[in-house]
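Please open the structure in your viewer and keep the sequence panel beside it, since this tour moves from one selection to the next. At each stop, make the selection first and then read what is found there.

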Amino acid sequence: MRRGLRFVPLALLAATLLELVVFVVVGRAIGFGAALLVVFAVSLLGLVLLRREGMRAWRGFKASAQAGQPPGRQVTDGLVGLLGALLLAMPGLLSGLVGVSLLVPPVRRLARNGVQRAAERRVSSMVAGDLFGPRRVRVRRGAPQQPQQPQQPVAEPTVVDGGRAIEGEIVEPGRSCRAHDGARGADAPGAPWP
């Protein structure tokens, strides 16, 4: 199990307790009936936005795929929007506040960039290039560095047969050679060539 995942149950318990505390505080301030109505209205708004954000994410992905552009930016933007709408749809005032903040464009942009950086770190650079397009790198100019001298002199390769090409094939041990299967059967380690 990954190190970060072992804290998920504890974090969920803490979030639930914090939601209850916030609900009780708001309930005492405006009344429990009004607090319950606010939670219900926020959850209903979240469900409406969940559908809208899902359709928006799908249209963005589809448009970028049809244009031949990398879809990563639209996918991460859609994921952040869906997460915000999902947090809004969950009953709770604190999760609703976090959900609304993820739908605000500047916060959404920050969250999208964070998701993109996390995804780029977890996948190979080739996959990241396919998802998000060419990477932007910062180049710093400095003094040219001297090439490192090898510790030991490089040995010249041994030349066999005057450097002529030798015709042959590479056969992994234990695998059959299709060209010679009919002549001598499956290749066995140590079997003589015909």
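The stops below go from the whole chain to single residues and their partners.

**The whole chain**

Before selecting anything, bear in mind that this is a predicted model. Show the chain as a cartoon and follow it from one end to the other: its secondary structure comes to seven helices and zero strands, so that the pattern read along the sequence is α-α-α-α-α-α-α. Of the 194 residues in the chain, 20% count as buried.

**A nonpolar patch on the surface**

Now select F7, L10, L13, L17 and L20, and show them as a surface. These residues form a nonpolar patch, and together they have about 520 Å² of accessible area. For a closer look at one of them, pick L10, which is found in helix α1, the helix of residues 8-30. Is L10 buried or exposed? With a relative accessibility of 58%, L10 counts as exposed, because the cut-off for that class is over 50%.

**The second largest pocket**

Next, select L12, A15, T16, E19, M90, P91, L94, S95 and V98, the residues that line the second largest pocket. The elements that each give two or more residues to this lining are α1 and α4, and the largest share, four residues, comes from α1. The pocket has a volume of about 180 Å³. If you colour the lining by class, you will find six nonpolar, two polar and one charged residues.

While helix α4 is in view, select V100, which lies in this helix of residues 93-103. V100 counts as partly exposed, its relative accessibility being 40%. Add L87 to the selection and draw a line between the two C-alpha atoms: V100 and L87 are 8.2 Å apart in space, and 13 residues apart in sequence.

**A network of salt bridges**

Clear the view, then select R52, E53, R56, D77, R108 and R112 and show their side chains. Side chains of opposite charge can pair when their charged atoms come close. The six residues just selected, R52, E53, R56, D77, R108 and R112, are linked in a network of salt bridges, and the count of salt bridges comes to six.

Begin with R56 and E53, whose side chains meet in a salt bridge with an N to O distance of 3.6 Å. How far apart are these two residues in helix α2? R56 and E53 are three residues apart in this helix of residues 32-66, and therefore they are separated by about one helical turn. Their surroundings can be read from the accessibility values: E53 is buried, with a relative accessible area of 1%, whereas R56 counts as partly exposed at 39%.

Keep R56 selected and turn to D77, with which R56 forms another salt bridge, the closest N and O atoms being 3.8 Å apart. This pair links distant parts of the chain, since R56 is in helix α2 and D77 is in helix α3, residues 72-89, with their positions 21 residues apart in the numbering.

D77 also has a partner in R108, and here the side chains meet in a salt bridge of 3.1 Å, N to O. R108 lies in helix α5, residues 105-122, and D77 in helix α3, so this pair ties together parts that are 31 residues apart in sequence. Both R108 and D77 are buried; for D77 the relative accessibility is 15%, which places it in that class because buried means under 20%.

**Two more pairs across the chain**

Stay with helix α5 and select V115, which is found there. V115 is partly exposed, with a relative accessible area of 33%. Add V80 to the selection: the C-alpha atoms of V115 and V80 are separated by 8.2 Å, although the two residues are 35 residues apart along the chain.

For the last stop, select P71, in the loop between α2 and α3. Which class does P71 belong to, buried or exposed? P71 counts as buried, at 17% relative accessibility. Then add L131, which is 60 residues away from P71 along the chain, and join the two C-alpha atoms, which are separated by 5.7 Å.

Notes
Residues are numbered from 1 along each chain as its sequence is written. This is a predicted model: local features need pLDDT of at least 70, side-chain atom pairs count only at pLDDT 80 or more; totals for chains, interfaces and linings use all residues. Side-chain values use heavy atoms; hydrogens and water are left out. Buried means under 20% relative accessible area, exposed over 50%, partly exposed in between (1.4 Å probe, protein chains only). Patches are made of residues with over 30% relative accessible area and no salt bridge: like charges are joined within 9 Å, nonpolar side chains (Val, Leu, Ile, Met, Phe, Trp, Tyr) within 5 Å. Accessible areas come from the Shrake-Rupley method with a 1.4 Å probe; for residues, only the protein chains shown count as cover. A salt bridge is a side-chain nitrogen of Lys or Arg within 4 Å of a carboxyl oxygen of Asp or Glu. On a 1 Å grid over the protein atoms alone, a cavity is a set of points where a 1.4 Å probe fits but cannot get out, and a pocket is an open set with protein on both sides within 12 Å along at least five of seven lines; lining residues have an atom within 4 Å of a point. Grid points are joined across faces, edges and corners, and a volume is the space filled by probe spheres set on the points. Ala, Val, Leu, Ile, Met, Phe, Trp, Tyr, Cys and Pro count as nonpolar, Asp, Glu, Lys and Arg as charged, and the others, Gly among them, as polar.
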